[in-house]
Amino acid sequence: MNDRAGHRRARRLAVGTAVVLALAGMNGPWLYRFGTAKYHQYQINRPEYKAENGKWEIINFPEKYRQNTIHAALLRTGKVLLVAGSGNNQDNFDAKKFDTRIWDPVKGTIKKVPTPKDLFCTGHTQLANGNLLIAGGTKRYEKLKGDVTKAGGLMIVHNENPDQPITLPAGTKFTGKENGKTFVSRDPVVVERATKVFDKKTGKFLRNDPGLGRIYVEAQKSGAKYETGTQDNYRIQGLTGADARNTYGIAQKLALDKKDFQGIRDAFEFDPVAEKYIKVDPMKEARWYPTLTTLSDGKVLSVSGLDDIGQLVPGKNEVFDPKTRKWTYLSKVRQFPTYPALFLMQNGKIFYSGSNAGYGPDNVGRDPGIWDVASNKFTKIPGLSDANEMETSGTVLLPPAQDEKFMVIGGGGVGESKLSSNRTRIVDLKSGSPKFVDGPTLEKGTRYPQSSILPDDTVLVSGGSEDYRGRGDSNILQARLYHPDTNTFESVADPLVGRNYHSGSLLLPDGRVMFFGSDSLYGDKANTKPGKFEQRIEIYTPPYLYRDSRPSLAGGPQTIDRGASGTFTSPQASVIKKVRLIRPSASTHVTDVDQRSIELKFTVSGDKLKVTVPKNRNLVPSGWYMLFVDDDQGTPSKAQWVRVP
């Protein structure tokens, strides 16, 4: 425990005890009657308490502006983009009611934005031009076993013709050679031509490896009698001649089992100035629950997700070029679970922490490690505790980013497991042989923890639940500040609202932190009542904003090149101890790979502060950043927006 944190804890205890004793001495029955809600409100609103613990407050939007917020991103205008899509609501989806809001946390205004597709469970990341890239979303909601009336599933279409691909329209019929049952495709599919394979030594032709297409099919009529129990080859009706000989389907069991969500290929940029979506080239693969991560060259990597037939994308990753606004496949395949936590490293490689959120085999692509995207080499990192409880864990790049230390927080077992971890794990990627070591533990096993980097180099860790989607009324109303310099947690004020699945947090330019969402499976401890989506926004004001004064920052350039400097004005320049460049967040499903806090070197001359941006583009990806300065008390200024081209 550091001296500062220990002193603050002692002060909180002393102040709280003194108030309790004073009230008890004055009027015992009063304390008894009001010792719950009213006394709690009295205590948390005392200036001394807020100066030590900070304060939480709920922002209630007018009814017509409320929505089931699933995604949030801080825009370079200082406003917050709140995206619901259909908001995990089948009725909204069926009615094509897709929602987006823009909230101005300074003015308190909020407005609706037309939403072109169901961007529920999409992926997103900040682009160099200040736009937000958004890719993927929902094509179809899941159907639980019992709700599925027509047997169906995945059909793999084979094309053995090496000369040309074949396109099968929606409504194509597949009839089993053994079972005689017919299934119909829901969508069109393009099946690539076969690949000719030759002996590498002799050059002799060996065979044609068929091109493959994946399509969802279902029975023509409802009922269990149309289910199949085993694999079969399927003849494709309507094909004749060579096409009929070269093209066929193979399917495993086609049944009335649960059908997963299906993704879309659509992609957009959100323009924060025009405040509208701009359609760009669609992805090659449909994706639901994908992660978007900036690469060394400024292109954006799109990884994982469920495809347009509800299957995990089989490792076919792709990149978006912001210049052409088009997507291309990577040449090699690597598979991850959905919403994998993938971060750009200072050497240009990608760090995968093992954190993920949702879908995928429990034995494929879950080991943490370092991925060289160019060569597809993956180097595993050892030492991860509770390695089987990484689903719904959070990962954060600890400040300052130059240290390249990551913390993995909490997590749970795969799927609807009741397992949850109270561990934090830390890895130093700059060490010669990186390995995970345990950090301070959480009080409870925690799924869905939220973590936001603050400008004073602490990390706010809050919320989550002990069980899957808050089952058993297991939301955790606790918040802590993590101090990377001492590797300790410090308890602060408790949040007012429980947050689990479909929740997130992000740092605002004034130094406060915004929390959104939560989608409990049940609404009671006995798990008998359906849960209700949490539409309230909550703001946490950290202790550093309850001090007597804070530094200010003005002037200076709006653009600073890497390796270049910019000069700002601050009356408190002589007491400035830190300068931080913080990338704005884009958060969903415990996944925020954008946020990072970069240390800037600086010099002071009178009231002038000259700051220098590091040269490494992998440390400082192109884009817009919040520039904060901290004084000798650790109090940050309000942010100035700076673009690094």
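Leu254 sits in the loop that connects β18 (247-251) with β19 (262-263), in what is a predicted model. With a relative accessibility of 0%, Leu254 counts as buried, since the cut-off for that class is under 20% relative accessible area. The bullet points below start from this residue and then turn to a second loop, the overall fold, one open sheet and the aromatic rings.

**Surroundings of Leu254**

- Once neighbours within four places in sequence are set aside, the contacts of Leu254 include Ala151, Gly152, Gly153, Leu154 and Met155, and Phe183, Val217, Glu227, Thr228 and Tyr234 are also among them.
- Between the C-alpha atoms of Leu254 and Asp561 there are 57 Å, the two residues being 307 residues apart along the chain.

**A second loop position, Gly171**

- Gly171 is placed in the loop between β10 (166-168) and β11 (173-176), and its relative accessible area of 40% makes it partly exposed.
- Apart from neighbours within four places in sequence, Gly171 has contacts with Val184 and Ser185.
- The C-alpha atom of Gly171 is separated by 55 Å from that of Arg562, a residue 391 residues away along the chain.

**Overall fold and dimensions**

- The protein chain contains six helices and 48 strands, and its C-alpha atoms fill a box of roughly 90 × 60 × 45 Å when taken along the principal axes.
- For a compact globule of 645 residues a radius of gyration near 26 Å would be expected, and the 27 Å of the protein chain agrees with this.
- Of the 645 residues in the protein chain, 56% are buried, while the area that the chain exposes is about 27,200 Å², with carbon and sulfur atoms supplying 49% of it.
- When contacts between residues at least 6 apart in sequence are considered, 61% of them join residues at least 24 apart.

**An open five-stranded sheet**

- Five strands form an open sheet with antiparallel pairing, in the order β5-β4-β3-β2-β43.
- The edges of this sheet are β5 (110-112) and β43 (586-587), each of which has a single partner strand, so that one side of each is left without a neighbour in the sheet.
- Strand β4 (residues 99-103) runs antiparallel to β5 and is joined to it by three bridges; on the β5 side, Ile110 is the bridge partner of Trp103.

**Aromatic rings**

- The count of aromatic pairs comes to 24, where a pair requires ring centres that lie within 6.5 Å.
- One of the pairs is formed by Trp56 and Tyr540, which are tilted with respect to each other, at 4.7 Å centre to centre and with 40 degrees between the planes.
- Because Trp56 lies in strand β1 (residues 55-59) and Tyr540 in strand β40 (residues 537-541), this pair ties together parts that are 484 residues apart in sequence; both Trp56 and Tyr540 are buried.
- Ring pairs also link a cluster made up of Phe93, Phe120, Tyr141, Phe261, Trp288, Tyr289, Tyr339 and Tyr359.
- Arg140 lies over the face of Tyr216, at 5.1 Å from the ring centre.

How values were computed:
Residues are numbered from 1 along each chain as its sequence is written. This is a predicted model: local features need pLDDT of at least 70, side-chain atom pairs count only at pLDDT 80 or more; totals for chains, interfaces and linings use all residues. Side-chain values use heavy atoms; hydrogens and water are left out. Rings of Phe, Tyr and Trp (its six-membered ring) pair if their centres lie within 6.5 Å; planes under 30 degrees apart count as stacked, over 60 as edge-to-face and the rest as tilted. Helices (H or I, at least four residues) and strands (E, at least two) are DSSP runs, numbered from the N terminus. Buried means under 20% relative accessible area, exposed over 50%, partly exposed in between (1.4 Å probe, protein chains only). A charge sits over a ring if NZ of Lys or CZ of Arg is within 6 Å of the ring centre and within 35 degrees of the ring normal. Two strands pair if DSSP finds at least two bridges between them. The radius of gyration is taken over C-alpha atoms; the globule rule is 2.2 Å times the number of residues to the power 0.38. Contact means heavy atoms within 4.5 Å. Accessible areas come from the Shrake-Rupley method with a 1.4 Å probe; for residues, only the protein chains shown count as cover.
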